Amino acid sequence: MGTNGGFSASLHGLTTATLATHGAVIFLTVILARGLWSWYRLRHLPGPFLAFVSSIWMVRKALSGRFHEHRRDVPREYGSLVRIGPNDLISTDTNVLRMMSAVRSPYTKGIFYETGRIIPEENTVVSLRNDAEHRALRAKMGTANEGFGFGAGIDRQILEFVKLIDDKYLSTPTEYRPVQFFQKVSFFALDVIGDISFGTAFGYLSQDEDLYRYHEINDEALPVMNIMSTMPWLASFLYKWPFNTMLPKEGDRVGFGRLMGFAKSCVTERLEPDARPRKDMTQAFINSGMTPAELTQQVFVQIIPGSVTTTTAICMTLLCLIMSPSAYASLRREIDATLASGRLSSPVTDLESRSMPYLQSVIREGLRMYPPVLGLGSKQVPRGGDSINGFFVPEGTQIGMIFFGLMRSTELWGPDADVSRPERWLEASEDDLRKMKAAVDMDFGSGKYQCLGKPIAMMELNKIFVELLRRYDFTIVNPKTPIKAWSAIFWVATDFWLRVTKRP
Ligand code: HEM
């Protein structure tokens, strides 16, 4: 018995070992075959060697927090269409980027967009890759976003924002009250989204704290999403067990899930039969015929892209201004002159801002220097493949964008592309200005995928700098490192410390 038991145990051991060896060989063969196949499919395209057989090149660069700079640099070395992964290219050619997103283009959103679902069962306008369904949903949202008059909500939150600075963060010769401006601007941007979506701000500005640890959790989640974007096939696992247990849920006490709970209760209240119609985005979505499920998801999905982007645009533009005393002085002069001529309301109207040429140049230059979206936003090559810049690109290939590379292209902007200089917009010929405006507009995407919140974002930008510069002076606290910022689809930033004083 003992001998037999030992024999069967060793036979069992042998079988297990053999199976493990066979398993490992099969696994390695599959990996090798996949590597060879992916190398072969796109072998004719230029790019860094590692990118030809694995995602390692992209993962390493994404982990560095400077993925945007690496993607800016590779086209300088390899040309405007570069291979950066086994099935991934990037393009810095504006014609190609526009062509992929054009209204009638057969290209669709790439695989990574699938992670734009908030709950596994329900698609959002971000996650929908089926173009017909995307178009139908977008039509409801687009009409709603334009029609409900969000200016009042932005004005309310601007007043809350300056009240917070006045109450808590004004320095004087005897009192030093530095403020981490990125955080406060983010509070402002979130409360704007809350206000214009539900008629009620989330309360970040009034409570002046990271309610529900939203920012802390978001800053941890974005780098993970960034890594996922380098291996888009991971998206198909995100909504399956055990990964789905980590997704935010309405019942959560902290993070995005907590804001979802807030949004859900506002939406539910508004769908009650006796609910009083209001003048906000939720109402506009209801009026445009959205189903209750669509309604909740589309309101949720705007919270992150609608706040993190405008926060970056405001802070980075302000940083560029403070670092360039002549630009700062020119903008202040323009604001003061408009005020003196009696053409400046309080808060400034969108129309008044648009008639201030230096302000418009500052806003454009800020969007150029630091595009708020740094993700790949890859689109998928349609059936039959396509011919791009003289290369055949097979169907299913993912082609990403790099707005940062586009906005820092010396070909497009000249040798001082890396310098913030609002004057370039005033000096340009009419023809060049048209091209420059079209290029910076790419920050919002284009065509059938263009940002639905662009009018809201532009109105925030049109108002905020006037309201800040008419009231305050700003000094950088740490001139050597004025801000700590790294890229993870969007910018993640901390330590933008400013000393704010009241203007005489
Ligand atoms: C400066 C601020 C902003 C910038 C630079 C920006 C940029 C972008 C970009 C690049 C896209 C993706 C385009 C693509 O997939 O090709 C996008 C999509 C989107 N954005 Fe924005 N965005 C900003 C502000 C906002 C705001 C304030 C909201 C909402 C209140 C918003 C809502 C959306 C939505 C819903 C989409 C998805 C559109 C679709 O897939 O059809 N964004 N945005």
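**View 1. Arg213, a partly exposed residue in a loop.** Start with Arg213, which is partly exposed at a relative accessible area of 39%. In this predicted model, Arg213 sits in the loop that runs between helix H8 (204-207) and helix H9 (214-230). Its backbone is worth a look: phi is positive, about 50°, even though Arg213 is not a glycine.

**View 2. Ile489, a buried residue with positive phi.** Here is another non-glycine residue with a positive phi, this one near 70°. Ile489 belongs to the loop between strand S10 (484-488) and strand S11 (490-494). Buried or exposed? Ile489 has a relative accessible area of 13%, and because the cut-off for buried is under 20%, Ile489 counts as buried.

**View 3. Cys451 and the iron atom of the ligand.** Zoom in on the metal and you find Cys451, whose SG is the only protein donor of the ligand's iron atom, at 2.3 Å. Cys451 comes from the loop between helix H21 (430-441) and H22.

**View 4. Polar side chains at the ligand's oxygen atoms.** Three side chains are picked out in this close-up, those of Tyr113, His134 and Arg138. Tyr113 has a side-chain N or O atom 2.6 Å from an oxygen atom of the ligand. For Arg138, a polar side-chain atom lies 2.7 Å from a ligand oxygen, while for His134 the distance from a side-chain N or O atom to an oxygen of the ligand is 2.8 Å.

**View 5. The shell around the ligand.** Pull back a little and 26 residues surround the ligand, with Lys109, Tyr113, His134, Arg138 and Cys451 the closest. Sorted by class, the shell holds 15 nonpolar, seven polar and four charged residues. Helix H5 (131-147), helix H14 (303-323) and helix H22 (454-469) each bring at least two residues. H14 is the top contributor, with four.

**View 6. Phe474 in the largest nonpolar core.** This core takes in 139 residues, and Phe181, Phe474 and Leu498 have the most contacts inside it. H14 gives the most to this core, with eleven residues. Beyond its neighbours within four places in sequence, Phe474 touches Phe181, Leu318, Ile322, Tyr328, Leu468, Leu469, Leu498, Arg499 and Val500.

**View 7. Two cis peptide bonds ahead of prolines.** The bond from Trp241 to Pro242 is cis, with omega near 5°; Pro242 is placed in the loop between helix H10 (235-238) and helix H11 (255-270). The bond from Ser346 to Pro347 is also cis, with omega near -10°, and Pro347 sits in the loop between helix H15 (325-340) and helix H16 (350-354).

Terms used:
Residues are numbered from 1 along each chain as its sequence is written. This is a predicted model: local features need pLDDT of at least 70, side-chain atom pairs count only at pLDDT 80 or more; totals for chains, interfaces and linings use all residues. Side-chain values use heavy atoms; hydrogens and water are left out. A residue is near a molecule or strand if one of its heavy atoms lies within 4 Å of it. A polar contact is a pair of N or O atoms within 3.5 Å; within protein, one must be able to donate a hydrogen and the other to accept it, and residues adjacent in sequence count only if both atoms are side-chain atoms. Ala, Val, Leu, Ile, Met, Phe, Trp, Tyr, Cys and Pro count as nonpolar, Asp, Glu, Lys and Arg as charged, and the others, Gly among them, as polar. A nonpolar core is a set of buried Ala, Val, Leu, Ile, Met, Phe, Trp, Tyr and Cys residues joined through side-chain atoms within 4.5 Å. Buried means under 20% relative accessible area, exposed over 50%, partly exposed in between (1.4 Å probe, protein chains only). Contact means heavy atoms within 4.5 Å. Donors are N, O and S atoms within 2.8 Å of the metal (3.2 Å for Na, K and Ca); water is not among the atoms, so sites may look incomplete.
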